[in-house]
Amino acid sequence: MPRGRLGHAAYHRLWPAVSGGWPRLGDVTDGLFIAFEGGDGAGKSTQVALLRDAFEAAGRTVTVTRQPGGTELGQRIRDLVLHGDHVAPRAEALLFAADKAHHVEQLIRPALRQGDVVVTDRYTDSSVAYQGAGRHLGAQEIHDLNLWAVDGLVPDLTVVVDISAQEGRRRRGTVHDRLESEEDEFHESIRAHYLAMAAGNPERYLVVDGTRPPEELHEQVVTRLSAMGMLP
Ligand code: TYD
């Protein structure tokens, strides 16, 4: 599809219209794919765990995973990119993309194929936000790179757990990995980018306020998934 150099948000909005739908793998049928996104310290992992319990209570088989590090190779990439020495920004983007490519082929796609619910703590939007916006590598380019890496697999729903950079820093305390230790400005640009992606494509995103109690956020996620017919 010729798309010229549309901004990321415009591309997000236009794609379903011109292509007749978001790309899904032809062989993925019964599975359900949900991603949690947000700044560091937003409380995503609590939400991932609560959602797993809700799906299991509804009788579904759930695969919970995360990026980077959802596979053995991914775990090694995670160590390199989060806990090693300086990594050139483009190399950082490619390493995160490599983690995703392997993760989707080895774990996410097979689970979806057998009808599981897959809940991932971070997915492609993390890279669009952190490398595209945070590292100024270009949201469009990073979006394209990631979509190629995951062979077009887009979540049924992406939940953005929204918190300010300041609140995220407060919650993280003194433990910081390479990305977490970036300035607040870096984290604010990531936050703004998440919100822009969600605003550009509301039917594929849910934004929840990460400063509210975890149970309240979980209720909002369940309400949305019920409205989509994915939970009772
Ligand atoms: P992690 O410890 O998993 O943090 P969190 O609990 O906040 O998810 O670290 C993941 C870090 O890697 C986080 O700072 C975001 C960053 N990241 C990217 O920069 N690009 C990516 O594509 C992904 C998946 C994560």
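Let's start with the sheet: five strands form an open sheet in the order β2-β3-β1-β4-β5, and their pairing is parallel. At its edges stand β2 and β5 (205-209), each with a single partner strand, so one side of each has no neighbour in the sheet. From one strand to the next, the twist averages 20°. Keep in mind as you look around that this is a predicted model.

Let's look at one of those edges. Strand β4, residues 157-162, runs parallel to β5, and five bridges join the two. If you'd like a spot to find on screen, look for Thr158, which sits opposite Tyr205 in β5.

Now for the rest of the chain. Besides the five strands, there are nine helices. Follow the sequence from start to end and you'll read the pattern α-β-α-β-α-α-β-α-α-β-α-α-β-α. The chain has 232 residues, and 39% of them count as buried. How do distant parts of the sequence come together? Among contacts with a separation of 6 or more, 76% are between residues 24 or more positions apart.

The loops have a few backbone details to check out. Between β2 (62-66) and α3 (72-83) there's a loop that holds Pro68. The peptide bond leading into Pro68 from Gln67 is cis, with omega near -10°.

Next, move on to the loop between β3 (117-121) and α5 (124-134), where you'll find Arg122. Arg122 isn't a glycine, yet its phi is positive, near 80°. Is Arg122 buried or exposed? It counts as buried, because 23 C-beta neighbours lie inside 10 Å, and 20 or more is what it takes.

On the other end of α5, the loop between α5 and α6 (139-149) has a residue of a similar kind, His136. His136 isn't a glycine either, and its phi is also positive, at about 60°. Its surroundings are another matter: His136 is exposed, since just 11 other C-beta atoms lie within 10 Å, and the cut-off for exposed is 12 or fewer.

Finally, there's the ligand. What surrounds the ligand? There are 16 residues around it, and the closest are Phe96, Ser126, Ser127, Tyr130 and Leu179. Helix α5 turns up again here, as it gives the largest share of the shell around the ligand, four residues. Sort the shell by class and you get seven charged, five nonpolar and four polar residues.

Notes. Residues are numbered from 1 along each chain as its sequence is written. This is a predicted model: local features need pLDDT of at least 70, side-chain atom pairs count only at pLDDT 80 or more; totals for chains, interfaces and linings use all residues. Two residues are in contact if their C-beta atoms, placed from the backbone, lie within 7 Å. A residue is near a molecule or strand if its C-beta atom, placed from the backbone, lies within 6 Å of it. Ala, Val, Leu, Ile, Met, Phe, Trp, Tyr, Cys and Pro count as nonpolar, Asp, Glu, Lys and Arg as charged, and the others, Gly among them, as polar. Two strands pair if DSSP finds at least two bridges between them. Axes are lines fitted to C-alpha atoms, for helices over the stretch in contact, and angles run from 0 to 180 degrees between N-to-C directions.
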